[in-house]
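Got your viewer open? Load the model, switch to cartoon view, and let's take a walk through it.

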Amino acid sequence: MSNFPLTSDQERAIRAALEASWPTQSAFFSDVPALNMCRQTAVVVCERFGGEILVTTVRNVHGDDIEHFYNRIGGETYDFTESQFLTSDFVNPTRSEPVVTTIQNAAARINIDLPRMRKAFLHALNLCDAG
């Protein structure tokens, strides 16, 4: 774990490992694999690379407020699931100011098998590091 921002190589490896570890059914019939994966993504990244988990409220085009989780590592923010906001439900989404939260809060109400995703993420990350 580091108090420094991620290198571009680390960021690329994390993105590739996440994409390999997100369950295919996570997108709920969407072509956006990151959809609804922010909680578990923020957790596994924080567990492996340290830093903080941030939470903000995002308003979609229907007026619904949705919690969104992402990471801050070494003072830099990293939103590894930002691609979910490219869907038609989020045209210029409004975000509240982020606040720091805990791994326990982010892990609450996770809708997939977190241990399985964690294992797949770490396995994929090791493959990226070996490549």
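Start with the whole chain and trace it from the N terminus: you should pass elements in the order α-α-β-β-β-β-β-α-α. That makes four helices and five strands. Keep in mind that this is a predicted model.

**Stop 1: the whole chain**

Switch on the surface. The accessible surface comes to about 7600 Å², and carbon and sulfur atoms account for 52% of it. Now colour by burial: of the 131 residues, 40% count as buried. If you like contact maps, pull one up here. Among contacts with a separation of 6 or more, 71% join residues 24 or more positions apart.

**Stop 2: the largest pocket**

Where should you click to find the middle of the largest pocket? Select Asn 36, Cys 38, Ile 66, Glu 67 and Gln 84, which are the closest to its centre among the 18 residues that line it. The space in there is about 310 Å³.

Next, colour the lining by residue class. You'll get eight nonpolar, six polar and four charged residues.

Which element gives the most to this lining? Select β2, which supplies four residues. Strand β2 runs over 65–73, and α2, at 38–49, also supplies at least two residues of the lining.

**Stop 3: Gln 40**

Stay with helix α2 and pick out Gln 40, which is found there. Is this side chain's residue buried or exposed? Gln 40 has a relative accessibility of 1%, so it counts as buried, the cut-off being under 20%.

To see what is around Gln 40, show Ile 110, Asn 111, Ile 112, Leu 114 and Met 117 as sticks. Gln 40 is in contact with these five, leaving aside its neighbours within four places in sequence.

**Stop 4: the aromatic pair**

How many aromatic pairs does a search of the whole structure find? The count is one. Select Tyr 78 and Phe 80 to bring it up: the pair is stacked, with 6.0 Å centre to centre and 10 degrees between the planes. Turn the view until you look along the rings edge-on, and check that angle for yourself.

Then bring the surface back over both rings. Tyr 78 has a relative accessible area of 7%, so it is buried. Phe 80, at 5% relative accessibility, counts as buried too.

How values were computed:
Residues are numbered from 1 along each chain as its sequence is written. This is a predicted model: local features need pLDDT of at least 70, side-chain atom pairs count only at pLDDT 80 or more; totals for chains, interfaces and linings use all residues. Side-chain values use heavy atoms; hydrogens and water are left out. On a 1 Å grid over the protein atoms alone, a cavity is a set of points where a 1.4 Å probe fits but cannot get out, and a pocket is an open set with protein on both sides within 12 Å along at least five of seven lines; lining residues have an atom within 4 Å of a point. Grid points are joined across faces, edges and corners, and a volume is the space filled by probe spheres set on the points. Ala, Val, Leu, Ile, Met, Phe, Trp, Tyr, Cys and Pro count as nonpolar, Asp, Glu, Lys and Arg as charged, and the others, Gly among them, as polar. Buried means under 20% relative accessible area, exposed over 50%, partly exposed in between (1.4 Å probe, protein chains only). Contact means heavy atoms within 4.5 Å. Accessible areas come from the Shrake-Rupley method with a 1.4 Å probe; for residues, only the protein chains shown count as cover. Rings of Phe, Tyr and Trp (its six-membered ring) pair if their centres lie within 6.5 Å; planes under 30 degrees apart count as stacked, over 60 as edge-to-face and the rest as tilted.
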